[in-house]
Amino acid sequence: MFDACRWISNSQPTCVASKEVFQRQLVRGRMSPESRPSTTTRGFLGRCAATIGGLAGCSAASRDCPRPAGVDDSADWSHRHHDQGNSNAAPAAPNSLTERWTFRVDARLSRPLVANGTVYTVTTSSDPPSDIRLLGFDAETGERQFEWTVAEGYDARISAAIDGRVYLVGEPAGASGRQRLYAVEGESVTWTYEAERVTAVAASGDVVYVSVLHDSVVALDAADGRVCARLHPTTWPGGRWLSDWTPVGRPAVGEETVFTPVARFDTDREDAYFADRVVAFTPDGERRWEATVPDVLFVNDIAAVSETVYVPMTASRARATDPGTTALHALTASSGTRRWTRRFESGSISGIAAREDVVVVDSGDTHAFERDSGDRRWLTGDFLGPPVVAGDRVFGRRTEGEFVDTVVAVDLATGETVASHTFDYQVNRAPVFAGGRAIVRTLEYRDTDSGTEHVADRLHALW
């Protein structure tokens with residue numbers, strides 16, 4: 001059960017931190033330089049003056065921040081979970097799952113995004129560092145439109161492709177574990193932003209929200225990458241580790257509100273991230289409301305669709321041998337009050353997909369629940385999540401063999417299987433959808449004397 005939501009005044013809050021917390025961070029030596037944009041002129045970063053008795057008040061915003069444009073409801077798949085609200089739901093599904101084209105790349109590929117008829121992906125590697133290459137394909141023909149090297153580095157992924165710009169995150173070679181956000185237009189990097197760990201990016205109109213672990217959700221001006229606001233429960237008290245609150249998971253961006261899962265952090269605890277809650281911020285970083293999640297191990301990525309915020313969570317356990325449980329909470333977006341909760345006897349929730357009237361969640365089996373009442377519409381074990389909604393269908397994957405997977409489509413109203421397509425390769429996530437097409441990434445492996453070896457990745461288009 002959720003505690004009663006705590007309303008926060010819309011006036012500028014003051015930064016708060018206990019003397020004990022402040023002293024603990026001093027002793028541990030965890031104060032380090034703030035994350036900053038790598039632009040020719042640095043944006044001013046909001047700061048607080050620190051004292052042993054606490055932290056003085058500070059401004060959440062250092063400059064006028066552009067307003068978010070709201071959730072992208074176009075036919076594109078512009079973000080990793082379709083849109084800035086993380087709905088994982090596209091307006092249209094293909095009429096069939098017939099393969100129209102495929103393209104093989106001798107590298108690992110990020111999950112693709114689709115914008116204005118172009119399929120975007122990026123090559124990535126773990127070790128050693130290699131060229132981070134941005135690739136674009138015609139969504140209808142599969143013809144490669146361009147291939148451009150952005151930088152040399154590790155673990156690259158595309159985060160957003162919107163308004164003629166592609167945002168990708170990677171760890172540059174020689175960056176000592178820090179990550180960099182690249183804003184790319186054409187074959188040039190417009191600006192970059194560097195932080196220790198970028199967990200999510202959402203681009204909405206003229207503002208880009210970057211969730212940085214052990215930092216804050218940083219609002220960047222899309223024009224130049226400068227910091228214009230920091231969204232943090234204590235109004236960003238001056239620098240990393242002056243607060244033990246941190247954003248976790250993926251925030252969800254609405255037209256006038258940014259919903260962010262946050263937690264407290266303490267390495268002395270077995271469950272280092274604890275006291276999870278969801279905080280609703282204004283675009284300038286002021287708090288609208290907070291909703292606390294008790295008895296939680298961690299909050300998974302949240303989604304905001306219409307007037308509902310969905311919060312999937314994994315519950316804490318008294319003993320390691322206790323069975324795992326998970327839950328899905330539905331909150332009213334305007335106030336944070338809880339509408340309903342559904343609990344599952346499973347170890348984790350792999351993902352959710354939501355439209356205005358229904359939410360689909362995978363917790364081992366796949367469930368569909370009515371938005372207003374939380375009543376279960378149907379249950380199926382025919383595929384694995386994370387689920388994706390496209391039109392009047394829900395898509396997932398089913399494993400047929402060691403290296404063979406099937407994309408499965410079920411009816412959104414009934415849960416009955418209506419279509420499928422089997423690949424001779426692994427499918428690690430459901431397709432993305434744009435313009436009535438399904439774009440699937442598959443992974444090719446082969447057995448060798450020393451074990452299983454990755455060979456290539458492929459993109460496939462089905463409709």
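Colleague: Contacts between residues at least 6 apart in sequence: what share joins residues at least 24 apart?
Modeller: 50% of them. Keep in mind that this is a predicted model.

Colleague: Noted. What's the secondary structure of the chain?
Modeller: One helix and 39 strands.

Colleague: And how many of the residues are buried, as a percentage?
Modeller: Buried residues account for 60% of the chain, which has 463 residues.

Colleague: What about the accessible surface of the chain?
Modeller: About 18200 Å². Carbon and sulfur atoms hold 44% of that surface.

Colleague: Switching to cysteines. How many disulfides does a search of the whole structure find?
Modeller: The search turns up one disulfide.

Colleague: Which residues form it?
Modeller: Cys65 and Cys228. Their sulfur atoms sit 2.1 Å apart.

Colleague: Where are the two in the chain?
Modeller: Cys65 is in the loop between strand 4 (54–55) and strand 5 (89–90). Cys228 belongs to strand 18, residues 227–231. The two are 163 residues apart, so the pair links distant parts of the chain.

Colleague: Is Cys65 buried or exposed?
Modeller: Cys65 is buried, because its relative accessibility is 8% and the cut-off for buried is under 20%.

Colleague: And Cys228, buried or exposed?
Modeller: Also buried: Cys228 has 0% relative accessibility.

Colleague: Now His82. Where is that one?
Modeller: His82 lies in the loop between strand 4 and strand 5. Cys65 is placed in that loop too.

Colleague: Buried or exposed, for His82?
Modeller: His82 counts as buried, since its relative accessibility comes to 3%.

Colleague: What does the side chain of His82 reach?
Modeller: The backbone oxygen of Asp76, at 3.1 Å.

Colleague: Which residues does His82 touch, not counting residues up to four places away in sequence?
Modeller: Asp72, Ser74, Asp76, Trp77, Ser87, Asn88, Ala89, Ala90 and Pro91. Asp76 is thus in the contact list, and its backbone oxygen is the one the His82 side chain reaches.

Colleague: Last topic, Thr192. Which strand is it in?
Modeller: Thr192 is in strand 14, which covers residues 188–195.

Colleague: Is Thr192 buried or exposed?
Modeller: Thr192 is buried, because its relative accessibility is 12%.

Colleague: How far is Thr192 from Gly225, C-alpha to C-alpha?
Modeller: The C-alpha atoms are separated by 6.7 Å. Along the chain, Thr192 and Gly225 are 33 residues apart.

Note on methods
Residues are numbered from 1 along each chain as its sequence is written. This is a predicted model: local features need pLDDT of at least 70, side-chain atom pairs count only at pLDDT 80 or more; totals for chains, interfaces and linings use all residues. Side-chain values use heavy atoms; hydrogens and water are left out. Helices (H or I, at least four residues) and strands (E, at least two) are DSSP runs, numbered from the N terminus. Buried means under 20% relative accessible area, exposed over 50%, partly exposed in between (1.4 Å probe, protein chains only). Contact means heavy atoms within 4.5 Å. Accessible areas come from the Shrake-Rupley method with a 1.4 Å probe; for residues, only the protein chains shown count as cover. A disulfide is a pair of cysteine sulfur atoms within 2.5 Å. A polar contact is a pair of N or O atoms within 3.5 Å; within protein, one must be able to donate a hydrogen and the other to accept it, and residues adjacent in sequence count only if both atoms are side-chain atoms.
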